[in-house]
Amino acid sequence: MKSPTQFFFIQKLILLKLLIFILFICSNNKSNICCNHHFTNTSSLSLKQLKLEGYLSFEKLNHAAKDFGNRCHFLPLAILYPKSVLDISSTLKHVFEIGTRTELTVAARGNGHSLEGQAQAYQGLVINMKSLQELEMKFKIEELSYVDVSAGELWINVLHESLKLGLAPKSWTDYLHLTVGGTLSNAGISGQAFKHGPQINNVYQLEVVTGKGEVITCSEEQNADLFHGVLGGLGQFGIITKARIALETAPKQVKWIRVLYSDFATFSNDQENLISSQNTFDYIEGFVIINSTGLLNNWRSTFNPKDPLLASSFSSEGRVLFCLEVAKYFNPEDTYSPDQDIDILLSKLHYIRSTLFLSEVSYVEFLDRVHVSEMKLQEKGLWDVPHPWLNLLIPKSRILEFAQEVFGKILTDTSNGPILIYPVNKSKWRKGTSMVTPDEDVFYLIAFLSSAMPFSTGKDGIEHIMNQNKRVLSFCEKTRIGMKQYLPNHKTQEEWKHHFGSQWEAFTRRKSTYDPLAILAPGQRIFKRTAACEQQ
């Protein structure tokens, strides 16, 4: 039996070993812990010293850690509410000059419509671009009319102001309550893209603040490398602060038409013929309907059937159907009527004759149609839910193979949200931008726009929808279908290298030129911010 002295000695020895172990663990983490704590304090203090026309907020930050995707929540250190471009430039120049003594990153946030935290910055600085009110819209009406707008302006506001002069931008997104800078940093694709290209095609000039804090005006003729890089550049080379948007004479009314197909090959052939024709519709899209009940009855709130009797006998339940959605613009006071052209165009299509539905609405009603759905969903509390969207670009040569595997097999219904599908012509797209597309001239946008019910473990839950998305991506990868993601969401730099392919070298060169410290847009997860403690 041990004496009290021996027992006390053993206890002290155990405590000593435990203390040494704890110190060993702490020493391994000390540099990282201290580094993060030091950087946070240093960043906060240094930012507070900035002289701004706007202001910095270090409180009420939660909204900057949320976006439309409603799945990623990264709390920033502060939010900048700029009142001038100089506020943004001074702030970025300050962060750049601190260099690797801080881990501070900066993200530009528009209307918060990102899907995976792309406009968030964990313990970084989020710039509220909607606060940028320095520039009123300035219109130039001539042979090539345009409007100069703040990048924080919403497209819906650009539309309303332009219409006062009888003008409108040429190319749109389906949802107009997005900022100009946000869509130009991606592409801005909708049913007019086959005709005018995406929104990045329809901008003449940009003002950009680089990751060094430099304010640079760029266009095809001036600083063209930055101009091309920023368009579709995912915010990696600079923050767009102003844009010169191309305008055209605006129509006043729209003939809006929907028809259904049961055979995908017939549907896609008709879509491809329409986008390649000289005399065609002004807007061409489509969507997939799987196992939907009472489809045509649901349309009656907006559309009128061409033949009500035939339409009433049509059943959509248990079927995979494809809807062609087209529109023709016109002005009622003109002698020209679009009806004859529409009849000729429809006569060349091979849709199910009983499913022809028509509507006539104002140009504004047509362009802002998604906002009507948004308001209805908000009333039901179904707008601010997770949105695990998946947007793909599939080459024309493989679209039939894709459709046969995905529609009806991987996806057995479309109750979680619409699936858009329509072709575009790459020949209409501006060359040299950062936007990545499949190699073929014609490719399809397929957008799985799902909404998930919080806390659900069923088919409308986030886990089920994400598994479906993974199966779609896995199929594309295994078959080497040549797919590219639109609004891409990749987790590793290797995945980004694969995404950009031959454009990766130019992309990294531009990054090292315009944002060498990788300060900008950390939420894209393409480049990692260099910090001092990583170099120790």
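**Exercise 1. Decide whether Lys-252 is buried, partly exposed or exposed, and identify the salt bridge in which its side chain takes part.**

Step 1. In this predicted model, Lys-252 has a relative accessibility of 46%. Since buried means under 20% and exposed means over 50%, Lys-252 counts as partly exposed.

Step 2. The side chain of Lys-252 meets that of Glu-333 in a salt bridge, with a distance of 2.9 Å from N to O.

Step 3. Lys-252 sits in the loop between E10 and strand E11 (253–261), while Glu-333 belongs to the loop between strand E14 (320–330) and helix H10 (339–347), so this pair ties together parts that are 81 residues apart in sequence.

**Exercise 2. Work out which parts of the chain are tied together by the salt bridge of Glu-220 and Arg-430, and how accessible each partner is.**

Step 1. The two side chains meet in a salt bridge at 2.7 Å, N to O.

Step 2. Glu-220 lies in the loop between strand E9 (215–219) and helix H6 (224–230), and Arg-430 lies in the loop between strand E17 (419–425) and strand E18 (442–448), so the pair ties together parts that are 210 residues apart in sequence.

Step 3. Glu-220, at 35% relative accessibility, counts as partly exposed, whereas Arg-430, at 16%, counts as buried.

**Exercise 3. Carry out the analysis for Lys-242 and Glu-207, then place the pair among the salt bridges of the structure.**

Step 1. Lys-242 and Glu-207 form a salt bridge in which the closest N and O atoms are 3.7 Å apart. Lys-242 belongs to strand E10 and Glu-207 to strand E8 (residues 203–210), so here the parts tied together are 35 residues apart in sequence.

Step 2. With a relative accessible area of 23%, Lys-242 is partly exposed, while Glu-207, with 13%, is buried.

Step 3. The structure holds 17 salt bridges. The bridge between Glu-333 and Lys-252 from the opening exercise is among those formed by side chains, and elsewhere salt bridges that share partners join Asp-225, Arg-509 and Arg-510 into one network.

**Exercise 4. Find which residues of helix H3 are buried, and explain how they are arranged around its axis.**

Step 1. H3 spans residues 155–163, and its buried residues are Trp-155, Ile-156, Val-158, Leu-159 and Ser-162.

Step 2. These residues cover an arc of only 160° around the axis, which puts them on the same side of H3. The spacing follows a general rule: an α-helix has 3.6 residues a turn, so residues three or four places apart point the same way.

Step 3. The cover over the buried residues of H3 includes the strands E5 (138–140), E6 (146–150), E7 (167–169) and E10 (238–249), together with the helices H4 (180–184) and H11 (363–367).

**Exercise 5. Describe the enclosed spaces of the structure by number, volume and lining.**

Step 1. There are 3 cavities of 30 Å³ or more, and the largest holds about 120 Å³ of space. It is lined by 13 residues, of which Leu-411, Asp-413, Asn-416, Ser-450 and Gln-468 are the closest to its centre.

Step 2. Helix H14 (residues 462–478) gives the most to the lining of the largest cavity, with 3 residues, and by class this lining comprises 6 nonpolar, 6 polar and 1 charged.

Step 3. The second largest cavity has a volume of about 70 Å³. Its lining includes Asn-186, Gly-232, Met-435, Gln-485, Tyr-486 and Phe-500, and by class it has 7 nonpolar, 5 polar and no charged residues.

**Exercise 6. Characterise the second largest pocket, and then examine the backbone of Arg-480.**

Step 1. The second largest pocket contains about 1200 Å³ of space. Among its 41 lining residues, the closest to the centre are Leu-473, Met-483, Gln-485, His-490 and His-498.

Step 2. The largest share of this lining, 7 residues, comes from H14, and the lining as a whole divides into 16 nonpolar, 14 polar and 11 charged residues.

Step 3. Arg-480 lies in the loop between H14 and E19. Its phi is near 50°, a positive value in a residue other than glycine, and at 73% relative accessibility Arg-480 counts as exposed.

Key. Residues are numbered from 1 along each chain as its sequence is written. This is a predicted model: local features need pLDDT of at least 70, side-chain atom pairs count only at pLDDT 80 or more; totals for chains, interfaces and linings use all residues. Side-chain values use heavy atoms; hydrogens and water are left out. Buried means under 20% relative accessible area, exposed over 50%, partly exposed in between (1.4 Å probe, protein chains only). Helices (H or I, at least four residues) and strands (E, at least two) are DSSP runs, numbered from the N terminus. The arc is that of the directions from the helix axis to the C-beta atoms. Contact means heavy atoms within 4.5 Å. On a 1 Å grid over the protein atoms alone, a cavity is a set of points where a 1.4 Å probe fits but cannot get out, and a pocket is an open set with protein on both sides within 12 Å along at least five of seven lines; lining residues have an atom within 4 Å of a point. Grid points are joined across faces, edges and corners, and a volume is the space filled by probe spheres set on the points. Ala, Val, Leu, Ile, Met, Phe, Trp, Tyr, Cys and Pro count as nonpolar, Asp, Glu, Lys and Arg as charged, and the others, Gly among them, as polar. A salt bridge is a side-chain nitrogen of Lys or Arg within 4 Å of a carboxyl oxygen of Asp or Glu.
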